Amino acid sequence: MLSVADAQHLFVGHLLVDSIQQKLRDLLLVFNRSLPIVKPLGWAPPHGGYAPTVAKTTHSAISDQRNGDIVIYINGEYFSRDEARISVFDSGYLVGDGVWEGIRLHNGVFPFLDRHLDRLFHGLETASIDIGMGHDDVATLLQEVVDRNGMIDGVHVRIMVTRGDKKTPSQHPANLISGPNVVVIAEYKQADPEIRDRGITLFTSSVRRPPSDTLDQRLNVHSKLHEVIALIEATDAGADEALMLDTTGAIATCNATNFFIVSSEELWTSTGDFNLPGITRGAVLEVAREAGIPAHERRFFLDDVYAADEAFVTGTFGGLIPAIEVDGRVIGDGSPGPVTAHLRTLYEKLINRVSSDG
Ligand SMILES: Cc1ncc(COP(=O)(O)O)c(C=O)c1O
């Protein structure tokens, strides 16, 4: 048994040890702060602990050395890849305040350019961003960028327009000191044919897509955080990309592509209220109807997907990519289906047709 006096001694002893430990910790902190910051080879800023290992997605591209030498357009000037910079006070960087468009260059032509420009200008008008250019000026600019880079085919171009630089981190447009910021990046980017031939797997994310009176899901805005979170959920679950539902539980779209199923020889995609009105989505609906395949924009649910004969996703970059598995459920026989292949052929023919029409 301890006497009261012994217990008091022990308690005081503990306090002493605690205070010595604290002193040592303080000293270590001062010492650490005085050390130079050494970045070992391969150092990268912390990324929240998330290190994706799944590299195969609808946006997987064949690596192309020529992309090392491209020039990037920023507000009237051209910069090499290493020198292309935008301010940390840029509205897009600060608060996701900007819109963008992804366009393909095929045999010297931007297929569906008018549709891309309509969507871009619709987004700009909704966000009240004045780009200070008309449709024709933007078309000329895109052409100038690919000409400057000597590009003809197999190219993906991204134009990004943000409200401009702010004088301080803030939402308010009154804090703008310049604007807008217009950036055009053109890269040689061909979709990986292995993905097209093999297909991708999807996982239904818990992140829902809300109606247009919140953040309008039909706009191509800089803030893609909800889609990135959905994608991370999907890759964590071992899938390639995320399928997303709307707030009523109906199928909306995927995190970076639009979603279709083939059910009893009909083509179904979502209503369009909760997804980007994809240019490829529109073109696929067009070619399907021309070919006499009943094509519907409608509400449908996960059980319809699990029971579908085929599923595929669409986007400018990858075209039509089969989805062979959703939430671990095999779709059809688990291989890219015949209707998907047929529609891809029709879509590619349409691309060639609009490209040769100029
Ligand atoms: C969320 C989302 N859905 C769909 C698409 C595909 O649209 P498009 O066919 O116009 O490339 C994209 C492409 O940027 C996208 O970001």
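Two strands pair if DSSP finds at least two bridges between them. With that in mind, welcome to a short tour of this predicted model.

**Figure 1. Strand β10 has a partner strand in β9 and another in β11.** Let us start where the definition is put to use. Strand β10 (residues 266–269) and strand β11 (residues 295–297) run parallel and are joined by three bridges. Strand β9 (residues 258–263) runs antiparallel to β10, and four bridges join these two. Look for L267 in β10: V262 stands opposite this residue, and in β11 its bridge partner is A295.

**Figure 2. A hairpin links β9 and β10.** Two residues lie between the strands of this hairpin. One residue of the turn, S264, has a positive phi of about 45 degrees. E265, in the loop between β9 and β10, also has a positive phi, near 65 degrees, and is a residue other than glycine. Most residues other than glycine have a negative phi. Is E265 buried or exposed? E265 is exposed, because 9 other C-beta atoms lie within 10 Å, and a residue counts as exposed at 12 or fewer.

**Figure 3. The whole protein sets the scene for the close-ups.** Its secondary structure comes to nine helices and 14 strands. Of the 358 residues in the protein, 35% are buried. Take the contacts between residues at least 6 apart in sequence: 69% of them join residues at least 24 apart.

**Figure 4. Helix α4 has a buried side and exposed residues on the other side.** Helix α4 (residues 135–148) has 14 residues, and the distance from its first C-alpha to its last is 20 Å, close to the 20 Å expected at 1.5 Å a residue. Which residues of α4 are buried? They are V138, L142 and V145. These residues lie on the same side of α4 because they cover an arc of only 60 degrees around the axis. An α-helix has 3.6 residues a turn, so residues three or four places apart point the same way. On the other side of α4, you will find D136, D137, T140 and D147 exposed. The cover over the buried residues of α4 includes β1, β3 (98–105), α3 (113–126), β4 (155–162) and β5 (181–188). After α4 comes G150, with a positive phi near 65 degrees.

**Figure 5. Three loops are worth a visit.** The loop between α3 and α4 holds S128, a residue other than glycine whose phi is positive, near 55 degrees. S128 counts as exposed because it has 8 C-beta neighbours inside 10 Å. In the loop between β4 and β5 sits P180, joined to G179 by a cis peptide bond with omega of about -10 degrees. Most peptide bonds are trans. The loop between α1 (4–34) and β1 (71–74) contains D69, which is exposed, with 10 other C-beta atoms within 10 Å. D69 and E187 are 118 residues apart along the chain, and their C-alpha atoms are separated by 9.8 Å.

**Figure 6. A shell of 14 residues lies around the ligand.** Which of these residues come nearest? They are L276, G278, I279, T280 and T316. Both α7 (279–290) and β12 (310–315) supply at least two residues of the shell. The largest share, three residues, comes from α7. By class, the shell has nine polar, three nonpolar and two charged residues.

Methods:
Residues are numbered from 1 along each chain as its sequence is written. This is a predicted model: local features need pLDDT of at least 70, side-chain atom pairs count only at pLDDT 80 or more; totals for chains, interfaces and linings use all residues. A residue is buried if 20 or more other C-beta atoms lie within 10 Å of its own, exposed if 12 or fewer, and partly exposed in between; C-beta atoms are placed from the backbone. Two residues are in contact if their C-beta atoms, placed from the backbone, lie within 7 Å. A residue is near a molecule or strand if its C-beta atom, placed from the backbone, lies within 6 Å of it. Ala, Val, Leu, Ile, Met, Phe, Trp, Tyr, Cys and Pro count as nonpolar, Asp, Glu, Lys and Arg as charged, and the others, Gly among them, as polar. The expected span of a helix is 1.5 Å times one less than its number of residues. The arc is that of the directions from the helix axis to the C-beta atoms.
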